[in-house]
Amino acid sequence: GAIMLGPNMFLPVFSQSVLGLGAIGAGFVLASMSLGWPIASALSGRVYLKIGFRNTAIIGTVVIVLSALGFIFLPADAPIWVYVVNQALLGGGFGFLSTPNLVGIQSIVPWNKRGVVTGANMFSRYLGQTVGAAIIGGVFNSSLGNYLNLAPSAFRSELPKVNDVIDVLKSRSTPGPIEEYLRHSFYLATHHVYLVMAIIGVL
C-alpha cells in the first residue's frame with residue numbers, strides 16, 4: 001500500500017513537469033501500471049499453485065524493487081515508452097504480490113473467517129497508503145527543498161517555494177536557466193521517491 005502511493009502521487013506531475021507531457025499523456029504513463037497488474041494477477045494463479053503463495057509473492061516483490069530501482073537509472077530524456085514499460089513491470093510486480101497475499105490468507109482460515117481476513121488485508125493496504133503518503137511526501141518535499149537551497153547563487157533568490165514549483169514550471173514566462181534547474185530538481189526528488197519505494201519493498 002505504501003509503495004503504491006509513490007507513482008500515484010508523483011508520476012503524473014513528473015510526466016508533466018519533467019517529461020513535458022500533457023495531462024492525457026501523463027495519465028497514460030500512470031495507467032500503464034494497470035497494464036501489467038491484471039496480466040500478472042491472472043498468471044499468478046498458475047504460479048502459486050506450483051510454487052506456493054509465499055514464493056509467488058516474493059517474485060512480485062522482487063519485480064517491484066527492480067522496477068523502482070530501474071526508474072532511478074532512467075535519464076530525463078529517455079523515450080516515453082521506456083517509462084511506460086517500467087511502470088507496466090511495476091504493475092506486474094503488484095499483480096504477483098497482491099493476489100497471492102489475499103488468496104493465501106483466505107485459504108488458511110475457515111469459511112466464516114474469510115470476510116474478516118479479507119477486510120484486514122484491505123485495511124492494511126489502505127493503512128499503508130496513508131502512512132506511505134506521509135513518508136513519501138515528506139521525502140519528496142525535503143529533497144526538492146534541499147535542491148532549491150543548493151541552487152546557484154546567481155538565481156537562488158528567484159526560485160519559488162516548494163509548493164509553487166509546479167506552477168512556475170507551467171508558466172511560459174519562466175527564464176530558461178531557472179526552468180531547467182527546477183526540472184532537474186523535480187527529476188532528482190522523484191528519483192528519491194522511487195528509492196524509498198525500493199527500500200520499502202525490501203523491508
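## Surface, fold and core of a predicted helical chain

In this predicted model, the chain has an accessible surface of about 10600 Å², and carbon and sulfur atoms account for 67% of that area. Of the 203 residues, 41% count as buried. The C-alpha atoms occupy a box of roughly 65 × 30 × 25 Å along the principal axes.

The chain contains 8 helices and 0 strands, and its pattern along the sequence reads α-α-α-α-α-α-α-α. Among contacts between residues at least 6 apart in sequence, 71% link residues at least 24 apart.

The largest nonpolar core comprises 41 residues, and Phe14, Tyr83, Leu159 and Met197 have the most contacts inside it. The table lists the elements that each give two or more residues to this core.

| Element | Residue range |
|---|---|
| helix 1 | 2–17 |
| helix 2 | 23–31 |
| helix 4 | 53–72 |
| helix 5 | 80–107 |
| helix 6 | 114–149 |
| helix 7 | 165–170 |
| helix 8 | 176–202 |

Helix 8 supplies the largest share of the core, with 11 residues.

Leu159, one of the core residues with the most contacts, can be examined individually. Leaving aside residues up to four places away in sequence, Leu159 touches Leu148, Ala151, Ile178, Tyr181 and Leu182.

As to charge, the chain carries 11 positive and 6 negative charges, and the mean positions of these two groups lie 26 Å apart.

Technical notes: Residues are numbered from 1 along each chain as its sequence is written. This is a predicted model: local features need pLDDT of at least 70, side-chain atom pairs count only at pLDDT 80 or more; totals for chains, interfaces and linings use all residues. Side-chain values use heavy atoms; hydrogens and water are left out. A nonpolar core is a set of buried Ala, Val, Leu, Ile, Met, Phe, Trp, Tyr and Cys residues joined through side-chain atoms within 4.5 Å. Buried means under 20% relative accessible area, exposed over 50%, partly exposed in between (1.4 Å probe, protein chains only). Helices (H or I, at least four residues) and strands (E, at least two) are DSSP runs, numbered from the N terminus. Contact means heavy atoms within 4.5 Å. Accessible areas come from the Shrake-Rupley method with a 1.4 Å probe; for residues, only the protein chains shown count as cover. Lys and Arg count as positive and Asp and Glu as negative; His and the chain ends are not counted. The place of a charge is taken as NZ of Lys, CZ of Arg, CG of Asp or CD of Glu.
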